[in-house]
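Hello,

Here is the structure I promised to pass on to you. Have a look at it first, and then read on for my notes.

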Amino acid sequence: MSKQASLDNLYEYDEEFKDTIATVDAQGKRVWVYPKKPSGHYHNRRIVVTVILLSILFSGPFIRINGRPFLLLNIFERKFVILGQAFWPQDFFLLALLLITFFVFVILFTVIFGRVWCGWACPQTLFLEMVFRKIEYWIDGDANKQRKLKKAPWNAEKIRKRVLKHAIFIIISLMISHTVMAYLIGIEQVKQIVSQPPSEHLAGFIGLMAFTGIFYGVFSWFREQACVAVCPYGRLQGVLLDKKSIAVMYDWVRGEPRGKLKKKQEEAPKGDCIDCKLCVHACPTGIDIRNGTQLECVNCTACIDACNEVMQKVNLPTGLIRYSSYEAVEKGKQKIFTKRAAAYSVVLVLLLSFFGFSLATRSEIETTVLKVPGQLYQRTDDGHITNLYNIQFVNKTFEDMTLELKVEDEPDAEISKVGAGDQLVPSNGLSEGVYFYKNAI
């Protein structure tokens, strides 16, 4: 059988996947997904990656770099700290440049490696698949037991399991919400909210409860719909991926035509796929990977582990479903670094270089000089020009600073603060003063 014939055979099994999603039925009602409990080579490595990433996530608010937070995204006070570097509204250009650089990196990474981020590092996938569903397997059992429990009457056993499971879900949601708030307003502020009565920090308390409700709703009910229907990154896959991009792929050349495994060999030749559908049962978004790359696929590798287990049992080579590309399956060769990837790489290097230069050369004190309203310059009898200026200082550092002003390139010029006292600018704050300027004509 030719490769093209195998490909045609692949898509004749289930054409409706192109027009519908697996989690919604013909009447528009949601189809609840009960994925088979995952296990295998890739799943074990995902557990290790999850432990590392979640450890970093929950410890992040406590990490300090030169006394500064590891990451702080305080949108309320318009203060941002990224890897110990503070950014203020006056640094909007740098923040915009950083975001553009990040987006180009995401595009480059996706063009080459597909949705590896979604399956291995996205917080939605990590919490749902590696935390909440693990608890569900522990309390309710595997997929078949979960289906039976849902249909069972509300007896003492079902109530006990439901209360225990959702109580744990709420506790974990509380932990996540406190961590997110620590990244938004700082760990010290969160400690105050937690240690004092809600009436003392009503806005913060309401924020924590709102975040807890959102996380609980997403991970206990909304689940995979966040990836399928909400996440914009998933929707961009049709634009970012091409035939050379690496993704979880079914090898239709080797697997088709699929057929049930029988003791007696049939006359018609068959591919290696025995149509056991375990790859479908293991998928957390309910798709059939044998239909090709789909927007619902998050590259979680559950289907790879399920298929490899079956291949080992029937004494066939593993890798019928694997990380590969359309072109690699079709032509038998893989080329990762394409012209498209090279172009994105050049843009990324240029952006990183420009951002690094801008960050290294930015000033620690931002100064805005404005003339005092209604005040004109004056000529004095001794041949000088005088004027008054309002000067605002923004301290971008984490230390208080006492400033002394001088006029460069004008050695005879004098500038002095109106009123007694030095110009003190607090850390992460601003200060302003009125200054008297005098210079010879």
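Helix H5 is mostly covered, with 15 of its 18 residues buried. This is a predicted model, so please read everything below in that light. H5 runs over residues 123-140 and has a bend of about 35° at Arg133. Just after the helix comes Gly141, with a positive phi near 95°.

H5 also takes part in a salt bridge that you may want to look at. Glu136 pairs with Lys165, and their closest N and O atoms are 3.0 Å apart. This pair links distant parts of the chain, since Glu136 sits in helix H5 and Lys165 in helix H7 (residues 156-185), 29 residues apart. Are the two partners buried or exposed? Glu136 has a relative accessible area of 6%, so it is buried. Lys165 is also at 6% relative accessibility and therefore counts as buried. The pair belongs to a network of salt bridges that links Glu136, Asp140, Arg162, Lys165 and Arg223.

The structure holds 20 salt bridges, and two others are worth showing you here. In helix H7, Glu157 and Arg160 lie 3 residues apart, about one turn of the helix. Their side chains meet in a salt bridge with an N to O distance of 3.0 Å. Glu157 counts as partly exposed because its relative accessibility is 39%. Arg160 is at 45%, so it is partly exposed as well.

The other one joins the side chains of Arg290 and Asp275, at 2.7 Å from N to O. Arg290 lies in the loop between H14 and H15, and Asp275 in the loop between H13 and H14, so the pair ties together parts that are 15 residues apart in sequence. Both Arg290 and Asp275 are buried.

Now for some backbone details. Which residues are joined by a cis peptide bond? They are Glu256 and Pro257, with omega at about -5°. Pro257 is in the loop that runs between helix H13 (252-255) and helix H14 (278-282).

Two residues have a positive phi although they are not glycines. One is Leu83, with a phi of about 55°. Leu83 is placed in the loop between strand E4 (79-82) and strand E5 (85-87), and it counts as exposed because its relative accessibility is 55%. The other is Thr301, with a phi of about 75°. Thr301 lies in the loop between H14 and helix H15 (302-313). At 1% relative accessibility, Thr301 is under the 20% cut-off and therefore counts as buried.

On the surface, Leu99, Phe102, Phe103 and Phe105 make a nonpolar patch of about 430 Å². Phe103 belongs to helix H3 (residues 92-113). With a relative accessibility of 49%, Phe103 counts as partly exposed, because the exposed class starts over 50%.

I also looked at Glu327, which is found in helix H16 (residues 326-331). Which residues does Glu327 contact, leaving aside its neighbours within four places in sequence? They are Lys243, Lys244, Gly332 and Lys333. Glu327 has a relative accessibility of 14%, so it counts as buried.

Last, the chain as a whole. Its secondary structure comes to 17 helices and 14 strands. The radius of gyration is 30 Å, well over the 22 Å that the globule rule gives for 441 residues, so the chain is more spread out than a compact globule. Taken along the principal axes, the C-alpha atoms fill a box of roughly 115 × 60 × 40 Å. Of the 441 residues, 41% count as buried. The accessible surface comes to about 24800 Å², and carbon and sulfur atoms hold 62% of it. Among contacts with a separation of 6 or more, 69% are between residues 24 or more positions apart.

Best wishes

Technical notes:
Residues numbered from 1 in each chain as written. Predicted model: local features only at pLDDT ≥ 70, side-chain atom pairs only at ≥ 80, totals over all residues. Heavy atoms only, no water. Patch = residues over 30% accessible without salt bridge, like charges linked within 9 Å, V, L, I, M, F, W, Y side chains within 5 Å. Areas by Shrake-Rupley, 256 points an atom, 1.4 Å probe, with all protein chains shown as cover. Salt bridge = Lys/Arg side-chain N within 4 Å of Asp/Glu carboxyl O. Helix = DSSP H or I, 4+ residues; strand = E, 2+ residues; numbered from the N terminus. Buried < 20%, exposed > 50% of the residue type's maximum accessible area, 1.4 Å probe, protein only. Contact = heavy atoms within 4.5 Å. Rg over C-alpha atoms; globule rule 2.2 N^0.38 Å. Bend = angle between axes of the 7 residues up to and from the residue.
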